[in-house]
Amino acid sequence: MLLNTPSTLQPFVVPVPTAAQIAAQQAAQALATNVSNALAAGLTITSTSTPAINGTYPLDVNTQIEIGQITLFTQVNGDFPGGLSAYPWFDTSNVPHVFPSVSLHDEWATAIANYVAALKLYGAGVQGAVLPAASITIA
């Protein structure tokens with residue numbers, strides 16, 4: 001089988017991005033940087049009912065997975081893993097905060113999930129999405 005080749009080969013010309021393409025790429029990089037910085041900084045949560053849980057909590061992927069696992073456990077079983085009546089969670093300074101109830105833990109986890117989701121929508125450039133505040137108040 002013979003290949004159909006042109007009679008003369010043309011050199012490959014690297015396409016030059018337009019100013020609009022460069023601006024779009026820079027905007028996307030800025031969004032990604034903002035999201036990365038926000039995730040690295042964590043979320044500051046203030047509880048009006050239980051000041052003992054006030055703190056800035058990490059948002060790395062492993063922590064998000066662990067929060068999801070504990071929250072699923074509490075929703076399925078109605079209590080904390082290991083039969084604990086209260087559950088400790090560590091903040092970004094590695095200080096433990098004890099959650100005295102499943103309902104407060106679930107409200108805390110919901111606040112974190114909402115914040116992370118808002119960050120991801122913002123980072124994806126979804127129309128109307130804004131960089132959320134890095135602090136929230138819960139009951």
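Two strands count as paired here if DSSP finds at least two bridges between them. Keep that in hand for the first exercise, and remember that this is a predicted model.

**Exercise 1. Work out how strand 1 is paired and what order the strands of its sheet have.**

Step 1. Start with strand 5 (residues 135–138): four bridges join it to strand 1, and the two run parallel. With a cut-off of at least two bridges, that counts as a pair. For one of the contacts along this seam, look at serine 47, whose bridge partner in strand 5 is isoleucine 138.

Step 2. Now try strand 2 (residues 55–57). Strand 1 pairs with strand 2 in the antiparallel sense, over three bridges. Here leucine 43 has tyrosine 57 of strand 2 as its bridge partner.

Step 3. Put the pieces together: you get an open sheet of three strands in the order 2-1-5, with mixed pairing. Strands 2 and 5 each have a single partner strand and stand at the edges, so one side of each has no neighbour in the sheet. On average, neighbouring strands of this sheet are turned by 30 degrees against each other, direction ignored.

**Exercise 2. Sort the residues of strand 1 by face, and find a helix that lies across this strand.**

Step 1. Recall the general pattern: in a regular strand, side chains alternate between the two faces of the sheet.

Step 2. Apply it to strand 1 (residues 43–47). Leu43, Ile45 and Ser47 make up the covered face, while Thr44 and Thr46 make up the uncovered one.

Step 3. Look for the helix. Helix 3 (residues 102–123) lies across strand 1, strand 2 and strand 5, and runs at about 145 degrees to strand 1.

**Exercise 3. Check whether the length of helix 1 agrees with its residue count.**

Step 1. Helix 1 covers residues 19–41, which makes 23 residues. The expected span is 1.5 Å times one less than that number, so it should come to 33 Å.

Step 2. Compare with the model: the end C-alpha atoms are 33 Å apart, which agrees.

Step 3. Step just past the end of helix 1 and you meet glycine 42, with a positive phi of about 90 degrees.

**Exercise 4. Find a residue other than glycine with a positive phi, and say whether it is buried or exposed.**

Step 1. Most residues other than glycine have a negative phi, so a positive one is worth a look.

Step 2. Asparagine 94 fits the bill, with phi near 65 degrees. You'll find asparagine 94 in the loop between strand 3 (87–90) and strand 4 (96–99).

Step 3. Its relative accessible area is 57%. Exposed means over 50%, so asparagine 94 is exposed.

**Exercise 5. Classify two of the aromatic pairs and place them in their cluster.**

Step 1. A search of the whole structure turns up six aromatic pairs. One of them joins tyrosine 87 and tryptophan 89, with 6.2 Å centre to centre and 40 degrees between the planes, and is tilted. Both of these residues, tyrosine 87 and tryptophan 89, are buried.

Step 2. Next, take phenylalanine 99 and tryptophan 108: their ring centres are 4.8 Å apart and their planes are at 55 degrees, so this pair is tilted. Phenylalanine 99 is buried at 0% relative accessible area, and tryptophan 108 is buried at 0% too.

Step 3. Zoom out: Tyr57, Phe80, Tyr87, Trp89, Phe99 and Trp108 form one aromatic cluster.

How values were computed
Residues are numbered from 1 along each chain as its sequence is written. This is a predicted model: local features need pLDDT of at least 70, side-chain atom pairs count only at pLDDT 80 or more; totals for chains, interfaces and linings use all residues. Side-chain values use heavy atoms; hydrogens and water are left out. Buried means under 20% relative accessible area, exposed over 50%, partly exposed in between (1.4 Å probe, protein chains only). Rings of Phe, Tyr and Trp (its six-membered ring) pair if their centres lie within 6.5 Å; planes under 30 degrees apart count as stacked, over 60 as edge-to-face and the rest as tilted. Axes are lines fitted to C-alpha atoms, for helices over the stretch in contact, and angles run from 0 to 180 degrees between N-to-C directions. Contact means heavy atoms within 4.5 Å.
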